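I am opening a new page for this structure. The entries below record what I looked up, in the order I looked.

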Amino acid sequence: MKIEASTIRLDGDPVLRMKAEEGHLPLAKQDAKLLNDLLSYVRHTHDEKYCEAHHLRASVGIAAPQVGISKKLLAVSIVGEQPQDTVELALANPIIISNSVQKAYLADGESCLSVVPDVKGIVPRYARITVRAYDLTAGRIVDIRLTDYPAIVMQHEIDHLYGLLYYDRIDKKNPDAPIPGAIVLG
Ligand code: NI
């Protein structure tokens with residue numbers, strides 16, 4: 001699938017509110033291809049010039065429902081300052097198998113390719129999670145420990161597989177109320 005600006009489903013599209021189906025394992029060729037396409041899309045959006053030329057928004061993750069396919073597939077690409085901080089994952093059927101009690105959130109709130117314009121407010125997330133998923137690169141089911149920003153991104157993408165959008169988690173009455181004990185990022 002060639003993913004372009006017009007491929008991205010926007011808030012209001014029912015597919016964004018559906019619970020996605022499990023990807024059958026071993027992963028079908030078309031699902032593996034979609035995972036690769038999702039990952040390369042996110043990678044491409046790190047290039048400012050490419051974004052300008054193709055009218056794309058910069059991103060760090062995308063889930064299959066955002067391109068109209070209601071399957072539990074997602075890709076994340078976060079380029080860290082140090083090579084060891086870079087997180088690139090293409091996953092099928094991810095589930096959070098454990099999480100910290102401590103919360104974390106982005107000081108400036110979250111954004112999403114499917115939500116335009118941004119909705120402001122604090123989005124509470126777990127500071128640390130362990131995700132179990134079929135990892136395309138490893139070719140098997142793995143447990144992945146994520147902390148801080150990558151953990152937040154992963155929780156945002158997993159939400160897409162359950163029909164949730166980040167603003168669902170913002171306290172409507174008090175969107176900027178800090179969370180006691182939470183890690184505040186960037
Ligand atoms: Ni999103």
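**Entry 1: the metal site**

I began with His160, which is buried at a relative accessible area of 1%. The model is a predicted one, so I treat what follows as computed from that prediction.

I then asked which residues coordinate the nickel ion. The donors are the SG atom of Cys112 and the NE2 atoms of His156 and His160, at 2.1 to 2.2 Å. Along the chain, these donors of the nickel ion follow the spacing C-x43-H-x3-H. Cys112 sits in the loop between strand S4 (103-106) and strand S5 (125-126), while His160 belongs to helix H3, and the two are 48 residues apart. I checked Cys112 for exposure as well: its relative accessible area is 5%, and because the cut-off for buried is under 20%, Cys112 counts as buried.

**Entry 2: Glu157**

Next I looked at Glu157, which lies in helix H3, residues 148-160. Does a buried or an exposed place go with its lack of a salt bridge? Glu157 is buried and has no salt bridge. I looked for the nearest side chain of opposite charge and found Arg125, 8.3 Å away. A salt bridge needs the nitrogen and oxygen within 4 Å, so Arg125 is no such partner for Glu157. Leaving out residues up to four places away in sequence, I listed the contacts of Glu157 as Gly61, Ile62, Ala63, Gln66, Leu74 and Val76.

**Entry 3: salt bridges**

How many salt bridges does the model have? The count comes to 11. I wrote down three of them.

Arg43 pairs with Glu88, and their closest N and O atoms are 2.8 Å apart. Arg43 is in helix H1 (residues 29-44) and Glu88 in strand S3 (residues 87-99), so this pair ties together parts 45 residues apart in sequence. Both ends are partly exposed: Arg43 has a relative accessible area of 42%, and Glu88 has 31%.

Arg125 came up again here, in a salt bridge with Glu110 at 2.9 Å, N to O. Arg125 lies in strand S5 and Glu110 in the loop between S4 and S5, so the pair ties together parts that are 15 residues apart in sequence. I found both Arg125 and Glu110 to be buried.

Arg169 forms a salt bridge with Asp159, with 2.7 Å between the closest N and O atoms. The pair links distant parts of the chain, with Arg169 in the loop between H3 and S8 and Asp159 in helix H3, 10 residues apart. Arg169 is partly exposed, at a relative accessible area of 36%, whereas Asp159 is buried at 7%. Through shared partners, salt bridges join Glu110, Arg125, Asp159 and Arg169 into one network.

**Entry 4: the largest pocket**

I looked up the volume of the largest pocket, which is about 450 Å³. It is lined by 21 residues, and the closest to its centre are Val60, Leu106, Glu110, Ser111 and Tyr149. Glu110 is thus on this list and also in the salt-bridge network of the previous entry. Which element gives the largest share of the lining? I found that H3 does, with 5 residues.

**Entry 5: Ile179**

Ile179 is placed in the loop between H3 and strand S8 (183-185). Its relative accessibility is 21%, so I note Ile179 as partly exposed. I compared its place with that of Lys103: the two are 76 residues apart along the chain, and their C-alpha atoms are separated by 7.6 Å. With residues up to four places away in sequence set aside, Ile179 touches Lys103, Tyr105, Ile122 and Pro124.

**Entry 6: backbone oddities**

Most peptide bonds are trans, and most residues other than glycine have a negative phi. I looked for exceptions.

The peptide bond from Leu25 to Pro26 is cis, with omega near -5°, and Pro26 is in the segment before H1. Val116 and Pro117 are also joined by a cis peptide bond, with omega about -5°. Pro117 is in the loop between S4 and S5.

His55 is not a glycine, yet its phi is positive, at about 55°. I located His55 in the loop between helix H2 (48-54) and strand S1 (61-63), and at 65% relative accessibility it counts as exposed. Asp148, also not a glycine, has a positive phi of about 50°. Asp148 is found in helix H3 and is partly exposed at 29% relative accessibility.

Notes:
Residues are numbered from 1 along each chain as its sequence is written. This is a predicted model: local features need pLDDT of at least 70, side-chain atom pairs count only at pLDDT 80 or more; totals for chains, interfaces and linings use all residues. Side-chain values use heavy atoms; hydrogens and water are left out. Helices (H or I, at least four residues) and strands (E, at least two) are DSSP runs, numbered from the N terminus. Buried means under 20% relative accessible area, exposed over 50%, partly exposed in between (1.4 Å probe, protein chains only). Lys and Arg count as positive and Asp and Glu as negative; His and the chain ends are not counted. Contact means heavy atoms within 4.5 Å. Donors are N, O and S atoms within 2.8 Å of the metal (3.2 Å for Na, K and Ca); water is not among the atoms, so sites may look incomplete. On a 1 Å grid over the protein atoms alone, a cavity is a set of points where a 1.4 Å probe fits but cannot get out, and a pocket is an open set with protein on both sides within 12 Å along at least five of seven lines; lining residues have an atom within 4 Å of a point. Grid points are joined across faces, edges and corners, and a volume is the space filled by probe spheres set on the points.
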